[in-house]
Amino acid sequence: MGLRVTLIQGGGAGLDQVPATKAILSAAGAVIDWDEHLAGWASMEQGGEPLPRTLLDSVRHSGLALKTKLLPPPGPVEGPRPEKINFNVQLRRELGLFASVRPLKNLAGLPARFRGVDMLVVRELTEDLYAAIEHEIVPGVVQSIKVVTAAASNRFFRFAFEWARTMGRKSVTCVHKANILKLADGLFLESFRTAARDFPEFQTREIIVDNCCMQMVSRPQQFDVLVMGNLYGDLVSDLGAGVVGGISAAAGINVGEGVHVYESFHGGSREDIGVNRANPLPLLLPAIDLLDAEGQKPIAQRILSAVEQVLTERRSLTPDLGGQATTTEMSQAIIAALG
Ligand code: IPM
Ligand code: MG
């Protein structure tokens, strides 16, 4: 029997990315026993819950999932909505996912603003403004509360340093805004300094988030591992993805106790992208990371080389990459390049 992995289908681009990714992994010889579940709007459309219990139980049981972005019901993003909290964030809460590792690295053949970039953005996932504690005090005055606790920060930084150690990284930079948010970011930074003392092999650095953004688009090669809170992590990981070539080079590994969810954190609706037009790479990249981490490195490497060959040849690319291929055609080209 192969590796058991829960496959979470969130709709939109995912409807095309999932069959493409499964076909590529299977052609490359990965033996995976997929347990597929619908979530988000894709599930609601069929009369199901956005986060069905069977799905959550499956992930808790397998400890491993591959996930597309969960789409919300159609309609404007802002203002009162039927769902209280974004489904992707809710899934993270349900599964106790407390950190997201986002590798940002150039791919051969993928045009990018900079080359020679190879960094990890490690993002806290449970607190900060994502606690989503918001209220209206009086009409015209609202509050959104930033939550930072020592307990969550300590666990997060220990995890980040341990991950950096396992990956053989050299330097860890904490991104913050403690010059303004003296309490919230002050506590976060203090917790970083405390954790750093137990990992003396690392060069550590602290950088204010606005300067980090400027450095990112001036000399991104200077960064190795970047650690930060939930909101800055959201922004900086997308900034970093832009630096290395966009959604094709981005993947997230969300970690909780005994659970790893490999996710595509980009993806739109079929109304926006079209049917069979989605770039398969945002889901294929985390799938490659999953194989790499689960003892199937040679297969992961083979798929990555095939992806780089297809990107370099530029003959079978989806419209977002400047080509005219369908999702199926691009995935078939990757399969043909497996060699
Ligand atoms: C991400 C995404 C999510 C986030 C959305 C989909 C809720 O942007 O994972 O980066 O804001 O965390
Ligand atoms: Mg984001």
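## The Arg 169–Asp 118 pair

Start with Arg 169 and Asp 118, whose side chains meet in a salt bridge at 3.0 Å, N to O; the term covers a side-chain nitrogen of Lys or Arg within 4 Å of a carboxyl oxygen of Asp or Glu. The two residues are 51 apart along the chain: Arg 169 sits in the loop between helix 5 (150–166) and strand 8 (171–176), and Asp 118 is in strand 5 (residues 118–124). Helices (H or I, at least four residues) and strands (E, at least two) are DSSP runs, numbered from the N terminus. Arg 169 counts as buried at 18% relative accessibility, while Asp 118 is partly exposed at 34%. Here buried means under 20% relative accessible area, exposed over 50%, and partly exposed in between, using a 1.4 Å probe and protein chains only.

A word on what you're looking at: this is a predicted model, where local features need pLDDT of at least 70 and side-chain atom pairs count only at pLDDT 80 or more, while totals for chains, interfaces and linings use all residues. Residues are numbered from 1 along each chain as its sequence is written, chains are lettered from A and ligands numbered from 1 in the order in which they are written, and side-chain values use heavy atoms, with hydrogens and water left out.

## More salt bridges

By the same rule, the count comes to 21 salt bridges. One of them joins Lys 22 and Glu 36 at 2.8 Å, N to O. That pair links helix 1 (residues 13–27), home of Lys 22, to strand 2 (residues 32–38), home of Glu 36, across 14 residues of sequence. Both partners are partly exposed, Lys 22 with a relative accessible area of 28% and Glu 36 with 41%.

Asp 185 and Lys 146 also meet in a salt bridge, at 2.8 Å, N to O. Asp 185 is in helix 6 (residues 184–197) and Lys 146 in strand 7, so the pair ties together parts 39 residues apart in sequence. Asp 185 is buried, with a relative accessible area of 3%, whereas Lys 146 counts as partly exposed at 22%. Elsewhere, Lys 67, Arg 92, Arg 102 and Glu 263 are linked in a salt-bridge network.

## Nonpolar cores

The largest nonpolar core has 85 residues, and those with the most contacts inside it are Val 122, Leu 226, Val 227, Leu 284, Ile 303 and Ile 334. A core of this kind is a set of buried Ala, Val, Leu, Ile, Met, Phe, Trp, Tyr and Cys residues joined through side-chain atoms within 4.5 Å. Helix 10 gives the most to this core, with eight residues. At least three residues come from each of domain 1 (1–104 + 250–339) and domain 2 (113–244), with the bounds taken from an automatic or database domain assignment.

Leu 284 touches Thr 21, Ile 24, Leu 25, Ile 303, Val 307 and Ile 334, leaving out residues up to four places away in sequence; contact means heavy atoms within 4.5 Å. Apart from the largest core lies another, of 15 residues, including Ile 8, Val 59, Ala 65 and Leu 97.

## A buried loop residue

Gln 296 is found in the loop between helix 10 (281–293) and helix 11 (297–313). This glutamine is buried, with a relative accessible area of 14%. With residues up to four places away in sequence not counted, Gln 296 touches Leu 3, Ala 30, Val 31 and Leu 291.
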